[in-house]
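Ready for some practice in reading a protein fold? Take a look at the structure below, then try each exercise before you read its solution.

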Amino acid sequence: MDIKNQNNPNVQRRILFCHGTGCVSGKAEDIREATEKALAAEGITDVKVDFTGCHGFCQQGPIAVVEPEGFFYCLLKVSDVPDIVKNHFRDGQPVERLFYKEPVTHKPIPYYKDIPFYKLQDRIILSHCGNINPEKIEDYLAVGGYEAAKKAILQMTPEQIIDEVKKSGLRGRGGSGFSTGQKWEFVRKTPGTEKYVICNVAFMDRSMAEGDPHAVIEGMMIGAFAMGAGKGFIFYRSEKPITIIRFRKAIESARTAGLLGKNIFGSGFDFDIELREGAEAFVCGEETALIASIEGKRGTPRPRPPFPAISGLWGKPTNINNLKSYAFVPYIINKGAKWFSETGTVGSKGTAVFALTGQIQNAGLIEVPMGTPLSNIIYDIGGGIPKGKRFKAVLSGGPSGGCIPASFLNLKVDYETLKSVGAMMGSGELVVMDEDSCMVDVARFFLSFMMNESCGKCISCREGTCKMYETLIKITRGQGTMEDLAILEELAVTVTAASICGLGQTAPNPVLSTIRHFRDEYEAHILDKKCPSVACSNMFAAPCSHTCPAGLDVYGYVSLIKEGRFEEAYRVIMQKMPFPLSVGRVCPAPCQKKCRRSGIEEAIAIRQLKRFAADYAYANGLEYKPEMKPARNEKVAVIGAGPAGLSAAWDLVISGY
């Protein structure tokens, strides 16, 4: 494959390295610096080396895109740099081994635009991520940055701006899904000369913030002008160092360019933004707790009303929106409410940004139209489930979201539809789970997070989540009762109803949704003392034995065969399995699917080892005479004479029937 523009002096050649959190953790900065040195050593001076924010495809990082063709290199290491520089830039031959490989066929895909992960998205607020340097305001201005703010401030009235946002149908992307335009209107109509706007940066928003911080600033400017606010705050948790750096540089460069501060665009409008760091507390995503944190108080929520639009930061009218909500605003002002509302569903307009993660081939940050079916997201964009496993469920809405089972795979993702199945949009997390996920343990895991993040103000939340967690621990250890399950449901409903803030009101969601859709798994843990997914390790000694329908000591006979003790292995098998010759050939071997060795390499061939032991016994004339229990008078009929029926008859005969 030759590069078309290799010798064209009129075309700027560039290699852009992703410098999002994921790629930076993979040594992307070292790779970029090594590339600059290698290009200089080869005397190649017509290639510009730069970096961008998060590309979104975090699973394939570190990532580099070569322009103008759009070659996509992934999973890079410093040792790959010589091949890129010599083969690609010097000799005009792209490095095929560094291309993205399609998960099923492993076919290399050279171009960024052809990779399904990107091709099937509808990128609006992610359109600049991976294409501009987020630390250079010139890059943002070159793609039309701050034109929407200029238009809004100089050509529109505050009422016109709010009306346009309302007509667009934009709803808050932070969790509640409340109309953004209505929130702005509340603040606008509240009397007062001192008002504030706040941008809440959720954990999953860091990639957007790292890739296009100026879009957020511009959205806040437009909102502040519309609501009559003179000061804005960007509130973030302290676990986002790159986000902080990008925002700080963006604010400084905007001030230098006269886009923040006094008399913006010569309009008489004054507005500035301050960064505020909060504690690493999930509860500070709730509006009143967030406000308390900015004020220097402990981040605990307060009852509402009054709502922040009436009495918020320091008692002044305040608007709080998620980062993504603000980022959409410049596009709405530039292209119009009609353009935005044409995408999505009747009640959920525009696109949604999701952090797609979990047991998925293509994990990363994606943007799709509201109403996109889950199947399209998981299988077309996400590439399906690794290792041929079956899709089991997806958690939507983060740790306080709900689990959606495989039976709803064609569910359309929007606010109302997710709510109807016990899930939520949240700030946009989708955690995919395969057949090995135990839904009881999933509920326990997410509830433990919510329990620890409770501020402790409400007794219902503080004590209720603890009691729920203790009950789930009992069930996952095989110690639960059906009464515990009833108590768990009752507690979940009570905590939801009695908590004053969104954390407590949504904390039971993973529990309620898993009981609703996966009640059989709870009952298996309680009644059968079995974990069907073989995930609750307190309930078994070895996953293979726990999975075996006949209850064979799989670990025992495999270990004996390994030591060459074939006869002993055969006798271990015969204790539970009277027909190892046939079963060793036809068993579907669920034990192999749960073999822990498969996490390192291939699973141990358990069924073949069973067959080997049986063949050895047959060849050597070995017999097995079980210890018979005293005869009983009762008679039992076994229906079905297949391996299962015969095994049942075998156990009954040994037991004296």
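Two worked exercises follow, and the model they use is a predicted one.

**Exercise 1.** Work out how strands S1, S2, S3 and S4 are arranged in their sheet, and which strands stand at its edges.

*Solution.*
- Step 1: Begin with the order. The open sheet reads S2-S1-S3-S4, with mixed pairing.
- Step 2: Look for strands that have a single partner. These are S2 (47–52) and S4 (71–73), so each of them has one side without a neighbour in the sheet.
- Step 3: Check the twist. On average, neighbouring strands are turned by 20° against each other, ignoring direction.
- Step 4: Zoom in on one pair. S3 (residues 64–67) and S4 run antiparallel and are joined by three bridges. Here you can find Val-66 opposite Phe-71 of S4.
- Step 5: Add the helix. H2 (residues 28–41) lies across S1 (13–18) and S2, and runs at about 170° to S2.

**Exercise 2.** Describe how helix H24 (residues 554–562) packs against helix H25 (residues 566–574).

*Solution.*
- Step 1: Take the geometry. The two axes come within 8 Å and cross at roughly 165°.
- Step 2: Name the arrangement. Angles over 145 degrees count as roughly antiparallel, and therefore H24 is roughly antiparallel to H25.
- Step 3: Give the handedness. The crossing of H24 with H25 is left-handed.
- Step 4: List the contact. H24 brings Tyr-557, Leu-560 and Ile-561, while H25 brings Phe-566, Glu-568, Ala-569, Val-572 and Ile-573.
- Step 5: Sort these residues. Seven are nonpolar, one is charged and none is polar.

Technical notes: Residues numbered from 1 in each chain as written. Predicted model: local features only at pLDDT ≥ 70, side-chain atom pairs only at ≥ 80, totals over all residues. Heavy atoms only, no water. Axes fitted to C-alpha atoms, helices over the stretch in contact; angles between N-to-C directions. Helix = DSSP H or I, 4+ residues; strand = E, 2+ residues; numbered from the N terminus. Parallel < 35°, antiparallel > 145°, perpendicular 65-115°, else oblique. Left-handed = near helix turned anticlockwise from the far one by under 90°. Contact = heavy atoms within 4.5 Å. Nonpolar A, V, L, I, M, F, W, Y, C, P; charged D, E, K, R; others polar. Pairing = 2+ DSSP bridges.
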